[in-house]
Amino acid sequence: MDFMISFLSTPAVMLGMVALIGLVAQKKSGTEVLTGTFKTIIGFLVFSAGGSIMTGALQNFNQLFQTGFHIQGVVASPEAATALAQTEFAFVTSCTLIVGFVMNLVIARITPFKNIFFTTGHSLFFACVLSLILKAHHIADIPAIVIGGLLLGFFSAALPELCQPFMRKITDSDTTAIGHFNMIGYALSGYIGMLFSKHKEKTTEHINFPKWLSFFRDFLMGVSVVMLILFYVSALKAGRPAVEELAGTQHWLVFPFVQAFTFTAGMSILMTGVRMFLAEITAAFVSISEKFIPNSRPALDVPTVFPFAPTAVIVGFLSSYAAGLIGVFIMVALKFPVVIIPAAHICFFSGGTAGVFGNSTGGWRGAVVGSFVIGLLLAFLPTVLYPLYGTLGIEGSTFPNIDYNVMGILLDKILSLFGR
């Protein structure tokens, strides 16, 4: 039983099963079914490997940056917070995740919200948030699982709908949705971009760089240069001993160079994986939706939109990270009880995606302003629920994503009204 749960809850396997069912429904030959299924699994694993490489490099950057600039506080990293939550509430969070996926299918079948959420990692994070809030209000395990699962299933189907008007504009299609729980933020970035709609033709992808900066027209070259600058500034500021602690046997001045290009290599791998599995899963999903959940669409992780505006991703990352750092100074100046430190990997994926959405409606101005606002929300929203997590022993890290916090705060307030 444990094997089957683990096997079927693996994102690559889930998407492979979708491709398999879709190809069989299309009456493809055995060879075509096998090829399409394997390509989907391989493509998603390539995509995941690229994301893991990038996250690892950015976590090294986080450590160097915090050491170099003497920033103390709580790192906004859902991975660490989830690890803490799983030690205390593994049963509730795991069951909430399973019930949530089942309810996502049910809700997509019977409501106008036709999105099937496939970013299992984000579903786990949200399951942890819901479980922690419910347990903080002393709700027993079974009711907590039922309530949490219902909410997770509903949010998984409904929240991508907020982003769909912008997804149609970005991808020129309605076949896929965003499956990443910053969807309130991405939609907000799209609406902020509308404030600059008269400049929407001046997108990040049409910036006229001076001749000496023309290499920025090549996305990977631009990423390489930006990350080289960021890594060396952080490494030099942190100093030789701090860098050597991370670098191991590698020379401390070589380490930031390798990390910057490791990040860029991860980005290249990720984009290759996106192209590989997206074509297969989209075609297969059409057949499934026609037979089982009419008009449904897969809600996929945010890098699926990166190829449509790659420069906007970098602009969004830098803008949201700058907003997060400004947020740190504001929290320190106003003596907040907790200071939230922006995690570079969160700002890259969430801020970068916000940049794509803002760019789609307001050009480069929309990308800059939209992702900046999202960066501020990623910094300040977690301060509201952090004390509640502390009552359960979850300290030192927290969940930064906008959807977790907006919906979590609402749930906390509703439960407080009932005196639980």
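**Notebook: sheet, core and two loops**

I began with the strands, and in this predicted model I found an open sheet of three strands, ordered β2-β4-β3 and with parallel pairing. I noted that β2 (115-117) and β3 (177-178) are the edge strands, since each of them pairs on one side only. Looking next at the pairing of β3 with β4 (residues 297-300), I saw that the two run in the parallel sense and are joined over two bridges, and that Ile-178 stands opposite Leu-300 in β4.

I then stepped back to the whole protein chain, for which I counted 15 helices and five strands. Of its 420 residues, 55% count as buried, and the accessible surface comes to about 17,700 Å², with 69% of that belonging to carbon and sulfur atoms. I also looked up how far apart in sequence the contacting residues are: among contacts between residues at least 6 apart, 81% join residues at least 24 apart.

Next I turned to the largest nonpolar core, which has 111 residues, and asked which of them touch the most other members. They are Phe-126, Phe-181, Met-227, Phe-306, Phe-348, Tyr-389 and Phe-399. The largest share of this core, eleven residues, comes from helix α13 (residues 344-380).

I followed Phe-181 further and, leaving aside residues up to four places away in sequence, listed what it touches: among them are Phe-117, His-122, Phe-126, Leu-152 and Phe-155, and also Ile-402, Asp-403 and Tyr-404.

Ile-402 led me to helix α15 (residues 402-417), whose 16 residues reach 23 Å from the first C-alpha to the last, close to the 22 Å expected at 1.5 Å a residue. I recorded that the buried residues of α15 include Ile-402, Asp-403, Tyr-404, Met-407, Ile-409, Leu-411 and Leu-415. What covers these buried residues? I found that the cover includes α5 (120-136), α6 (141-158), α8 (183-194), α13 and α14 (382-390).

Last, I checked two residues for their backbone angles. His-138, in the loop between α5 and α6, has a phi near 65°, a positive value in a residue other than glycine. Is His-138 buried or exposed? With a relative accessible area of 67%, His-138 is exposed, because that value lies over the 50% cut-off. Lys-335, in the loop between α12 (310-333) and β5 (340-341), also has a positive phi, of about 55°, although it is not a glycine. I found Lys-335 to be exposed as well, with a relative accessible area of 73%.

Methods. Residues are numbered from 1 along each chain as its sequence is written. This is a predicted model: local features need pLDDT of at least 70, side-chain atom pairs count only at pLDDT 80 or more; totals for chains, interfaces and linings use all residues. Side-chain values use heavy atoms; hydrogens and water are left out. Two strands pair if DSSP finds at least two bridges between them. Helices (H or I, at least four residues) and strands (E, at least two) are DSSP runs, numbered from the N terminus. A nonpolar core is a set of buried Ala, Val, Leu, Ile, Met, Phe, Trp, Tyr and Cys residues joined through side-chain atoms within 4.5 Å. Buried means under 20% relative accessible area, exposed over 50%, partly exposed in between (1.4 Å probe, protein chains only). Contact means heavy atoms within 4.5 Å. The expected span of a helix is 1.5 Å times one less than its number of residues. Accessible areas come from the Shrake-Rupley method with a 1.4 Å probe; for residues, only the protein chains shown count as cover.
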